[in-house]
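Trainee: I am new to this structure and would like a close look at a single part of it. Please pick one residue, describe its setting, and then show how it fits with the rest.

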Amino acid sequence: MKNSKTLFIAQAALIAALYVVLTLLANALGLANHAIQLRFSEALTILPFFTPAAIPGLFLGCLISNLLTGAIIWDVVFGSMATLIGAIGTYLLRRCKWLAPLPPIAANTIIVPLVLYFAYHIPGSIPFFMLTVGIGEILSCGVLGILLLLVLQRYKKYIFPAPEK
């Protein structure tokens, strides 16, 4: 692709679509929502390490996923914002691959438990939800995300080509 704007939009759209598909898969398996969450799609939160197009892609993917899985408005808004904050943080830490998964882990571990407690009124405590959501984020962003990063790093010039100016 010769146009950098076209490449940016195409990458963002593809990332959003992948996020939705992976979230729907986790949701079908009963892993995407509630106190214990393991969204395979959260592994994609390392993609801002490779391209800034991942930031809107992840945000839109999370927003669409939350709408499709029947989340309430507060979850749609704040869950998507947590993903956006995490994606921006990953982009800012892109010089160190080992730190790339930390922003989405932190953002989701702080924000999602508040949504579970105050919006859904799920029985339990905020520290308990921070533990359960945090474990899910460590597994999906930390473990799966780093594995994905290591694989993609080998092929980044093909998957995330530098736009021609």
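Mentor: Take Phe78, which counts as partly exposed because its relative accessibility is 38%, a value between the 20% limit for buried and the 50% limit for exposed. Keep in mind that the model is predicted. Phe78 belongs to helix α3, which covers residues 73–92. Leaving out residues up to four places away in sequence, Phe78 touches Ile111 and Val115. Helix α4 covers residues 102–119, so these two partners of Phe78 are residues of that helix. In the other direction along the chain, Gly61 is 17 residues from Phe78, and their C-alpha atoms are separated by 14 Å.

To place Phe78, look at the chain around it. The secondary structure comes to 6 helices and 0 strands, and read along the sequence the pattern is α-α-α-α-α-α. The radius of gyration is 15 Å, close to the 15 Å that the globule rule gives for 165 residues, so the chain is as compact as a globular protein of that length. Along the principal axes, the C-alpha atoms fill a box of roughly 55 × 30 × 25 Å.

Now compare other residues, starting with Pro56. This proline is found in helix α2, residues 54–68. Pro56 is partly exposed too, because its relative accessible area is 27%. Apart from neighbours within four places in sequence, Pro56 is in contact with Phe8 and Ala12. Pro56 also lies 8.5 Å from Ala87, C-alpha to C-alpha, although the two are 31 residues apart in sequence. Ala87 falls within residues 73–92, so it shares helix α3 with Phe78.

Ser140 gives a contrast in accessibility. It is found in helix α5, residues 126–154. Ser140 counts as buried because its relative accessibility is 1%, and the limit for buried is under 20%. The side chain of Ser140 reaches the backbone oxygen of Gly136 at 2.8 Å. Not counting residues up to four places away in sequence, Ser140 touches Leu38, Arg39, Glu42, Ala43 and Gly145. One of these, Glu42, is 98 residues from Ser140 along the chain, yet their C-alpha atoms are separated by 5.6 Å.

At the other end of the scale is His121, in the loop between α4 and α5. His121 is exposed because its relative accessible area is 58%, and exposed means over 50%. Its phi is near 55°, a positive value in a residue other than glycine.

The totals for the chain put these cases in context. Of the 165 residues, 45% count as buried, and Ser140 is one of the buried residues. Among contacts between residues at least 6 apart in sequence, 66% join residues at least 24 apart. The accessible surface comes to about 8,600 Å², and 75% of that belongs to carbon and sulfur atoms. As for charge, the chain has 10 positive and 4 negative charges, and their mean positions are 16 Å apart.

To return to the starting point, Phe78 is a partly exposed residue of helix α3, in contact with Ile111 and Val115.

Technical notes: Residues numbered from 1 in each chain as written. Predicted model: local features only at pLDDT ≥ 70, side-chain atom pairs only at ≥ 80, totals over all residues. Heavy atoms only, no water. Helix = DSSP H or I, 4+ residues; strand = E, 2+ residues; numbered from the N terminus. Rg over C-alpha atoms; globule rule 2.2 N^0.38 Å. Buried < 20%, exposed > 50% of the residue type's maximum accessible area, 1.4 Å probe, protein only. Contact = heavy atoms within 4.5 Å. Areas by Shrake-Rupley, 256 points an atom, 1.4 Å probe, with all protein chains shown as cover. Lys, Arg positive; Asp, Glu negative; His and termini not counted. Charge placed at Lys NZ, Arg CZ, Asp CG, Glu CD. Polar contact = N/O pair within 3.5 Å; in protein donor to acceptor, adjacent residues only side chain to side chain.
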